[in-house]
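Colleague: Could you take me through one part of this model in detail, please? I would like a close look at the place where the two chains meet.

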Number of protein chains: 2
Amino acid sequence: MGAITFSIEKRLKGALGRAGILTTPHGVVRTPAFVPVGTLATVKSITPEEVKALGAQIVLANTYHLYLQPGEAIMAKAGGVGKFMHYSGPTMTDSGGFQVFSLGFARGHGITKVLKEEKAHVQRDEAASEHSKLVRVDEDGVTFLSHIDGSTHRFTPERSIEMQENIGADIIFAFDECTSPLLSREKMEASLARTHRWAQRSFDAHTRKDQALFGIVQGGRYPDLRKQSAEYIASIDFDGFGIGGSFDKEDMTTIVGLVNKILPEEKPRHMLGIGEIEDLFEGVEQGIDLFDCAHPTRIARNGTILTAHGKRDILKAEHREKFEPIEEGCGCYTCTNYTKAYLHHLFKAKELLGYRLATIHNLYFIVHLVDAMRAAIIDDSFFDFKKEFLAIYQAG
Amino acid sequence: MGAITFSIEKRLKGALGRAGILTTPHGVVRTPAFVPVGTLATVKSITPEEVKALGAQIVLANTYHLYLQPGEAIMAKAGGVGKFMHYSGPTMTDSGGFQVFSLGFARGHGITKVLKEEKAHVQRDEAASEHSKLVRVDEDGVTFLSHIDGSTHRFTPERSIEMQENIGADIIFAFDECTSPLLSREKMEASLARTHRWAQRSFDAHTRKDQALFGIVQGGRYPDLRKQSAEYIASIDFDGFGIGGSFDKEDMTTIVGLVNKILPEEKPRHMLGIGEIEDLFEGVEQGIDLFDCAHPTRIARNGTILTAHGKRDILKAEHREKFEPIEEGCGCYTCTNYTKAYLHHLFKAKELLGYRLATIHNLYFIVHLVDAMRAAIIDDSFFDFKKEFLAIYQAG
């Protein structure tokens with residue numbers, strides 16, 4: 001008996017989707033579910049009580065960031081990341097792989113997703129342009145520079161697992177190499193083979209019985225490599241799986257479906273770093289159980305509000321005298337209590353409360369949207385729901 | 001019958017202090033009380049629910065700032081500043097006078113209090129150094145430049161009252177000239193005479209029966225001018241009084257006592273912009289009922305934490321592994337749920353939640369301290385409480 005259990009409550013007819021129940025040492029997660037990102041042991045601007053009140057069931061923190069600041073030892077001494085941040089619910093950490101590579105190697109290849117991710121770092125990092133030369137992969141691990149102070153660090157699969165055991169989340173991930181999809185076939189094959197060796201080493205290094213370990217499927221945009229990766233990773237007795245790497249929109253459906261047909265049905269699947277509305281529908285349809293993404297909270301802090309009719313820029317002058325919620329009928333704390341005019345004012349004045357109210361709304365929106373997909377699987381209305389929702393959302 | 005009522009529950013034996021009950025259209029304020037500052041219709045980083053939960057009874061917003069951004073008309077259309085910001089409790093606004101002068105005239109005279117106040121503006125205002133030349137007072141009013149975009153604006157007593165009626169707080173203030181205490185006697189006399197004419201004009205301009213209007217006593221560091229001002233302002237049928245201007249620590253006790261001996265005992269008295277612990281004790285002892293100050297919240301956002309043993313810098317390395325509340329025994333949300341180590345981490349990482357948790361603690365601390373002074377007046381232990389508290393606080 002592992003640290004988690006997963007059961008399927010209902011299957012989506014005609015596709016791979018399913019509604020499931022994931023039980024962790026810190027509580028239950030009804031899947032599919034959206035996982036808010038709390039990079040530095042805080043979902044930026046909001047409290048754990050607010051995280052729960054907006055409907056989130058589980059939070060993901062970033063090992064790379066916590067290792068650099070404040071250091072994993074602090075988390076271990078605090079009794080784990082949950083206790084450290086005063087969050088009693090389920091938690092997960094990524095392996096640090098994505099951040100290590102997104103701050104270095106991938107930079108030179110113009111991958112949009114990675115570049116977007118980097119922007120936040122670049123603001124804090126005058127030396128960022130140096131990084132592309134300064135991430136070095138070898139068979140044993142990766143040497144890289146801190147985005148905070150440029151100091152040299154090294155991650156290996158064993159070190160990543162050790163850090164994640166210290167951080168102490170309920171679900172942790174194997175350490176993988178995150179490649180650019182523009183990588184040559186030859187290099188991709190070599191990288192994938194190494195990621196598979198690292199998966200086994202991560203599995204072997206893992207000692208904590210109260211933590212679940214997920215393996216990560218890579219393989220870029222090559223269906224045969226994805227298939228090979230899914231088969232290999234599925235052959236190791238992981239508690240669940242992550243699907244990593246950057247996708248084109250077109251690839252996503254086919255690649256995710258292909259992978260999930262191979263992965264054992266009875267274990268949970270996490271799609272790493274995906275949070276666009278269309279992608280969430282596709283992912284759920286293709287059998288993804290968990291999604292994490294910093295996008296909804298990042299755009300919130302720039303004043304971009306998610307609504308059923310598309311994204312809205314709260315800074316636009318049209319909101320200045322609108323004394324109505326940012327989304328009619330929305331049950332979030334922000335929409336229940338504040339107007340567009342007030343949020344517009346807060347953002348114009350760069351008031352801290354604005355970032356917070358927008359974050360609460362965007363997370364509520366996306367968490368409840370994935371919850372609604374789950375409900376639609378259960379009552380056999382998923383495809384109608386998807387069609388109707390996206391028609392309105394994309395009409396704007 | 002005016003917009004407010006004020007009754008004295010208990011008098012401090014041997015001094016001018018009193019415990020009172022102030023009733024406003026939006027609720028009761030037990031005095032003496034500390035009033036958090038919500039400059040731009042938000043107590044920076046926290047919600048109105050949090051303002052109430054930390055024990056605050058009333059909030060003060062700044063007319064100058066709200067006039068510039070988002071404009072008083074928005075407040076009027078929203079149904080007043082309380083509704084605009086989703087705060088159902090009592091509110092007050094200042095007249096805008098202090099900000100107009102602190103962004104201009106007072107600058108050249110090296111007044112610490114004013115300069116501190118200005119720092120926040122300077123960060124947003126590249127043109128700040130121009131302002132000292134660009135605030136022009138005449139008999140009718142003041143012409144000044146916006147600290148946001150340098151545009152020209154004009155306030156008069158009538159305009160200040162009109163703005164404050166639009167903003168719609170429960171308690172508003174007469175428009176005064178805020179002078180430097182280093183002003184020559186001759187110029188101070190001229191300024192004071194004008195402030196008195198402006199007080200009468202403010203009184204005459206005020207039309208809203210659901211708002212209380214407080215007159216402001218000025219007179220700088222000259223006891224005879226303070227006396228003259230208190231007598232003149234007391235002769236107008238204001239609902240209460242503000243005491244304005246910059247004081248030296250030594251002057252504060254004598255000047256405030258002198259003024260409050262003259263002001264009618266049955267009306268509430270507000271000390272403008274004072275929030276240092278020692279000054280709060282002095283003010284309460286000398287008969288002040290209300291204090292507002294942005295200082296506790298401003299230092300919170302810099303990581304300075306108020307405790308019974310003095311101020312603490314949460315950024316210091318000594319807090320890095322302290323898994324205990326920032327103040328043992330404190331009942332605030334922050335101390336109940338988070339550790340020094342976590343706050344230290346949030347501040348090091350410049351995480352938004354840190355500003356918020358520190359703000360909650362500092363306001364809780366100062367609101368409860370003034371509440372404790374009130375309780376000490378009621379149970380005849382004020383002087384013992386003051387002595388004991390300050391001995392520990394000043395020992396650090």
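Modeller: Happy to! In this predicted model, the contact between the chains involves 28 residues of chain B and 28 residues of chain A. On the side of chain B that touches chain A, the elements giving two or more residues are helix H3 (72–78), helix H4 (81–85), helix H14 (340–348) and helix H15 (352–378) of chain B. H14(B) gives the most to this side, with five residues. Sorted by class, the side of chain B that touches chain A holds 15 nonpolar residues, seven polar ones and six charged ones.

Now for how the chains are arranged. A turn of 180° with a shift of 0.0 Å along the axis lays chain B on chain A with an RMSD of 0.0 Å. The two copies are therefore related as by a two-fold rotation axis. B:Leu352 is the residue of chain B that comes closest to that rotation axis, its C-alpha lying at 3.7 Å. The copies also meet through the same surface, because 100% of the interface residues of chain B are interface residues in chain A too.

As for the chain behind that surface, chain A has 16 helices and 16 strands. Its C-alpha trace spans about 60 × 50 × 40 Å along the principal axes. The radius of gyration of chain A is 20 Å, which agrees with the value near 21 Å for a compact globule with 396 residues. Of those 396 residues of chain A, 56% count as buried. Among contacts in chain A with a separation of 6 or more, 69% come from residues 24 or more positions apart.

How values were computed. Residues numbered from 1 in each chain as written. Chains lettered and ligands numbered in written order. Predicted model: local features only at pLDDT ≥ 70, side-chain atom pairs only at ≥ 80, totals over all residues. Contact = placed C-beta atoms within 7 Å. Helix = DSSP H or I, 4+ residues; strand = E, 2+ residues; numbered from the N terminus. Nonpolar A, V, L, I, M, F, W, Y, C, P; charged D, E, K, R; others polar. Least-squares fit on C-alpha atoms with pLDDT ≥ 70 in both. Rg over C-alpha atoms; globule rule 2.2 N^0.38 Å. Buried ≥ 20, exposed ≤ 12 C-beta atoms within 10 Å, placed from the backbone.
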